[in-house]
Amino acid sequence: MEIQFKLKEVLNQRGMSQKDLAEKTGLRANAISEMVNNQRTTINREHAAIVANMLEITDMNVLFTLHDK
């Protein structure tokens, strides 16, 4: 099993760009891009919490999903 970040879908649903999210969270644009494109091999819990808080997400199932490899 692997965890996938569904950030791209969430941003699309909310009409928000990666740049907008980076500016509103203070996270590097590169970090946001890696999350959106599932290029990270580890998930920084602090970054995930910052993103969830900014997007007012309380259920992490909105941001993450499990998939078979």
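This dialogue works through a few features of a predicted model, beginning with one helix and ending with a salt bridge.

Student: Which residues of helix α1 are buried, and where around the axis do they lie?

Tutor: In α1, which spans residues 7-14, the buried residues are Leu7, Val10 and Leu11. These three cover an arc of only 95° around the axis, which puts them on the same side of α1. On the face turned away from that buried side, α1 carries the exposed residues Asn12 and Gln13.

Student: What do the buried residues of α1 pack against, and what follows the helix?

Tutor: Their packing partners are the strand β1 (2-5) and the helices α2 (18-25), α3 (29-36) and α4 (45-54). After α1 comes Gly15, and the phi of Gly15 is positive, near 65°.

Student: Is Lys8, which is found in α1, buried or exposed?

Tutor: Lys8 lies between those two classes, because a relative accessibility of 45% makes Lys8 count as partly exposed. Lys8 also illustrates how sequence and space can be read side by side: Lys8 and Ser33 are 25 residues apart in sequence, while their C-alpha atoms are 9.1 Å apart in space.

Student: How should I describe two helices that pack together?

Tutor: In general, two packed helices are described by the angle between their axes and the distance between the axes. Here the axes of α2 and α4 come within 10 Å and cross at roughly 100°. Angles of 65 to 115 degrees count as roughly perpendicular, and α2 and α4 are therefore roughly perpendicular to each other.

Student: Which residues make the contact between α2 and α4, and what is their character?

Tutor: On the side of α2 the contact is made by Leu21, Lys24 and Thr25, and on the side of α4 by Ile50, Val51 and Met54. Sorted by character, the residues of this contact divide into four nonpolar, one polar and one charged.

Student: Is His47, in helix α4, buried or exposed, and what is His47 in contact with?

Tutor: The cut-off for buried is under 20% relative accessible area, so His47, at 19% relative accessibility, counts as buried. If one leaves aside neighbours within four places in sequence, His47 is in contact with Leu27, Met35 and Arg40.

Student: How many salt bridges are there, and which residue pairs with Arg40?

Tutor: The count comes to one salt bridge. Arg40 forms a salt bridge with Glu34, with the closest N and O atoms 2.9 Å apart. Arg40 counts as partly exposed at 26% relative accessibility, and Glu34 likewise counts as partly exposed, at 24%.

Technical notes
Residues are numbered from 1 along each chain as its sequence is written. This is a predicted model: local features need pLDDT of at least 70, side-chain atom pairs count only at pLDDT 80 or more; totals for chains, interfaces and linings use all residues. Side-chain values use heavy atoms; hydrogens and water are left out. Buried means under 20% relative accessible area, exposed over 50%, partly exposed in between (1.4 Å probe, protein chains only). Helices (H or I, at least four residues) and strands (E, at least two) are DSSP runs, numbered from the N terminus. The arc is that of the directions from the helix axis to the C-beta atoms. Contact means heavy atoms within 4.5 Å. Axes are lines fitted to C-alpha atoms, for helices over the stretch in contact, and angles run from 0 to 180 degrees between N-to-C directions. Angles under 35 degrees count as roughly parallel, over 145 as roughly antiparallel, 65 to 115 as roughly perpendicular and the rest as oblique. Ala, Val, Leu, Ile, Met, Phe, Trp, Tyr, Cys and Pro count as nonpolar, Asp, Glu, Lys and Arg as charged, and the others, Gly among them, as polar. A salt bridge is a side-chain nitrogen of Lys or Arg within 4 Å of a carboxyl oxygen of Asp or Glu.
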